Amino acid sequence: MTERTLVLVKPDGVKRGLIGKIISRFEDIGLKIVGMKLIWADEKFAEKHYELDDEWAKNVFNKTKTAAEKEGKKFEYDDHLKFGKQIQKWNMNFLREGPVIAMVLEGAHSVEIVRKIVGHTEPRQAIPGTIRADFASLESYNVANSKERVVRNLIHASDSVENAEREISLWFKKNELFDYKTVHQDHF
Ligand code: CDP
Ligand code: MG
């Protein structure tokens, strides 16, 4: 039940001075920060983080296609891997635009709960109250595509327990993660 998940405040969040506000959202619900640091990724590291796998490419392809079709627009890509490669490249560039805050959050169902607090990938579709909606609602696939970059959506959060484990071991050494007790642990 207790899970760990990786969260990044991407370069847009750091440059906009939103680190504190973003972290507060997680602290407020009682998630425990067990690791945290500021890192400026290089190209090799960014590629490891944004590993191109078939399932992820399919998911990204479908998500974007649905958004385009909802607007009655034709989606110009037909090959999910080709599209995935394009997004991966833009993601790698974006991640390297500045330093990022990397943190590991621990708590019951943390992977699912953090994704819920973060909100939809496209901030325009994110529900008010989520981080992406409250701080980036004007950002959309349309805006991003017109500038040939990914959507600046402030946060990365692991999307499954399995991916969380892979990502945590990429960003943190074992001795950079700490065990301690929060006051919430007496309550929940
Ligand atoms: O971040 P999240 O897990 O919500 O989305 P993802 O599907 O794993 O995609 C990773 C990142 O790629 C997103 O956070 C966006 O920044 C970017 N992306 C994009 O800009 N345009 C798309 N059509 C799909 C993804
Ligand atoms: Mg993702």
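Begin by selecting arginine 115 together with ligand 1: a polar side-chain atom of this arginine lies 2.7 Å from an oxygen atom of the ligand. Taken alone, ligand 1 exposes 500 Å², of which the protein buries 95%. Please note that the model on display is predicted.

Keep ligand 1 in view and add lysine 63. An N or O atom in the side chain of lysine 63 is 2.9 Å from an oxygen atom of the ligand. Next, select tryptophan 56, where a side-chain N or O atom is likewise 2.9 Å from an oxygen atom of ligand 1.

Now extend the selection to the whole shell. Ligand 1 is surrounded by 15 residues, and the closest are Thr64, Arg115, Thr121, Val151 and Asn153. Colouring this shell by residue class should give 7 nonpolar, 4 polar and 4 charged members. With a surface displayed, turn to the space that ligand 1 takes up: this is the largest pocket.

Which helices each supply at least two residues of the shell around ligand 1? Select residues 54-70 for helix H4 and residues 80-95 for helix H5, since both meet that description. Helix H4 provides the largest share of the shell, with 4 residues.

Finally, leave the ligand and look at the aromatic rings. The whole structure holds 6 aromatic pairs. One of them joins phenylalanine 61 and phenylalanine 83 in an edge-to-face arrangement, with 6.2 Å from centre to centre and 75° between the planes. Phenylalanine 61 lies in helix H4 and phenylalanine 83 in helix H5, so this pair ties together parts that are 22 residues apart in sequence.

Definitions and conventions. Residues are numbered from 1 along each chain as its sequence is written. Chains are lettered from A and ligands numbered from 1 in the order in which they are written. This is a predicted model: local features need pLDDT of at least 70, side-chain atom pairs count only at pLDDT 80 or more; totals for chains, interfaces and linings use all residues. Side-chain values use heavy atoms; hydrogens and water are left out. A residue is near a molecule or strand if one of its heavy atoms lies within 4 Å of it. A polar contact is a pair of N or O atoms within 3.5 Å; within protein, one must be able to donate a hydrogen and the other to accept it, and residues adjacent in sequence count only if both atoms are side-chain atoms. Accessible areas come from the Shrake-Rupley method with a 1.4 Å probe; for residues, only the protein chains shown count as cover. On a 1 Å grid over the protein atoms alone, a cavity is a set of points where a 1.4 Å probe fits but cannot get out, and a pocket is an open set with protein on both sides within 12 Å along at least five of seven lines; lining residues have an atom within 4 Å of a point. A molecule sits in a cavity or pocket if more than half of its atoms lie within 2 Å of its grid points. Ala, Val, Leu, Ile, Met, Phe, Trp, Tyr, Cys and Pro count as nonpolar, Asp, Glu, Lys and Arg as charged, and the others, Gly among them, as polar. Rings of Phe, Tyr and Trp (its six-membered ring) pair if their centres lie within 6.5 Å; planes under 30 degrees apart count as stacked, over 60 as edge-to-face and the rest as tilted.
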